[in-house]
Amino acid sequence: MVSKASAPGKVILFGEHSVVYGTPAIASAIDKKTHAVVEIVSGDRVEITAPDINIESKIFSFEEVQEKGDTSIEAIKGCIREIWKLHNPTGLKIRVWSDFPMGSGLGSSAALAVALLLALSKEYGIDQSGFDMQKHAHEVEKIIHGNPSGVDTTISGSGGVIHFEKPDKIIPLELKTTLHLVIGYTGKHGSTKKTVSFVRQLMDSHPHRIKPIISQKKEILLEAEKIMLEAEEAMEESDLKKLGFLMDLSHGLLNSLGVSCIELENLVFAARKAGALGAKLTGGGDGGCMIALVKESDVDKISDAIISAGGTPIKTAIGPASDNKREND
Ligand code: PMV
């Protein structure tokens, strides 16, 4: 048998970094996916093909799959180890690929974990009703990100648009209007592990400055949280102008935390200059991607502006008609 599955990437609309400290975030799945195809084969070897990380038919022994390392193949090995906690090891042939760039702040590692865990659990005949996808995907994310909030694996597993709070509070948000986004990929790899640890150091060394921006909830309502809650209202009211303004504010806060970079700033300002309603970095920062909220009629104009500023545009739309759910085909 061959088992296939796919899971969507994501954008964080509001609340990256502050979500690590317990404030809510708004995240949306996108119509770009990561795909996994899995087959049980005879023998005691695992063959992995992952063109996005330049791996073509690489063979691993069972012992090598169990060894932990820090290479880009670790998320794939991590998924196999998680499933082998539930099923005896067997020979496997695995192929994974993505519609969007890896390590770009679009949740590729989470999408890979969800897609591959789904395909593997299906191939091994594991009862899906008792299968705790989030728990296993979170374990895999830890290999890549250290101590992730869980927002990436949650949105990749749920699809749609959600309000998320650590550890597992999810409120699905129903958008009445389609939001047109142009994602701008800087081409620079951003390490979420590094930026999260940078913000932690900033918090430890300047708590009186950083706490009021992101900090833990249940104190006063903090800036990032205020923006987040107003953004939910703006979405509810389909007030795109206000939503864009709040995205600009959110980017300003993230910039004050030191997680932007010249490549992101160039794309953010290019999009704003070309008429975006708002623009901000998305995900861990220091590279990766930014997002611009745009009028449907401006999608091409803003994509061109991103290209002129040295980035790669990815057009996406979120909301009622978006194809952004995971699939277990
Ligand atoms: O860079 P990404 O796509 O993995 O997003 C990370 C989001 C952070 O809030 C920065 C980290 C986290 O664990 O939530």
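## Close-up views of the predicted model

**View 1. Backbone contacts to the ligand.** A backbone N or O atom of H17 lies 2.9 Å from an oxygen atom of the ligand. The model shown here and in the other views is predicted. G105 also offers a polar backbone atom, 3.2 Å from a ligand oxygen. At G284 the distance from a polar backbone atom to an oxygen of the ligand is 2.8 Å. On its own the ligand would expose 380 Å². The protein buries 95% of that area.

**View 2. The ligand in its pocket.** The ligand occupies the largest pocket. Three elements each give two or more residues to the surrounding shell: β1 (2-14), α5 (151-158) and α6 (192-205). The residues around the ligand number 17. Nearest among them are K10, S149, D152, T192 and G284. G284 thus appears in this group and also places a polar backbone atom 2.8 Å from a ligand oxygen.

**View 3. T186 in the loop before α6.** T186 belongs to the loop that runs between β8 (179-185) and α6. T186 is buried, because its relative accessibility is 12%, under the 20% cut-off. Its side chain makes two polar contacts in this view. One reaches the backbone nitrogen of K188, at 3.0 Å. In the other, a polar side-chain atom of T186 lies 2.8 Å from the backbone oxygen of G288.

**View 4. Two cysteines without a bond.** The structure holds 0 disulfides. Why are C261 and C289 not bonded? Their sulfurs are 11 Å apart, so the distance is too far for a bond. A disulfide would need the two sulfur atoms within 2.5 Å. For C289, the sulfur of C261 is the nearest cysteine sulfur. C261 has a relative accessible area of 10% and is therefore buried. C289 is buried as well, with a relative accessibility of 0%.

**View 5. D286 in the loop between β9 and β10.** D286 sits in the loop that links β9 (278-282) to β10 (289-294). Its phi is near 50°. That is a positive value in a residue other than glycine. Is D286 buried or partly exposed? D286 has a relative accessible area of 30%, so it counts as partly exposed.

**View 6. S57 in strand β4.** S57 is part of strand β4, which spans residues 55-61. The phi angle of S57 is positive, near 45°, and the residue is not glycine. S57 is partly exposed, because its relative accessible area is 36%.

**View 7. The cis peptide at P167.** K166 and P167 are joined by a cis peptide bond. Omega for this bond is about 0°. P167 lies in the loop between β6 (161-165) and β7 (169-172).

**View 8. G252 and L281.** G252 is a residue of helix α9, residues 240-256. G252 and L281 are 29 residues apart in sequence. Their C-alpha atoms are 9.6 Å apart in space. G252 counts as partly exposed because its relative accessibility is 39%.

Definitions and conventions:
Residues numbered from 1 in each chain as written. Predicted model: local features only at pLDDT ≥ 70, side-chain atom pairs only at ≥ 80, totals over all residues. Heavy atoms only, no water. Buried < 20%, exposed > 50% of the residue type's maximum accessible area, 1.4 Å probe, protein only. Near = heavy atom within 4 Å. Polar contact = N/O pair within 3.5 Å; in protein donor to acceptor, adjacent residues only side chain to side chain. Areas by Shrake-Rupley, 256 points an atom, 1.4 Å probe, with all protein chains shown as cover. 1 Å grid on protein atoms, 1.4 Å probe; cavity = no way out; pocket = protein on both sides within 12 Å on 5 of 7 lines; lining within 4 Å. Sits in = over half its atoms within 2 Å of the grid points. Helix = DSSP H or I, 4+ residues; strand = E, 2+ residues; numbered from the N terminus.
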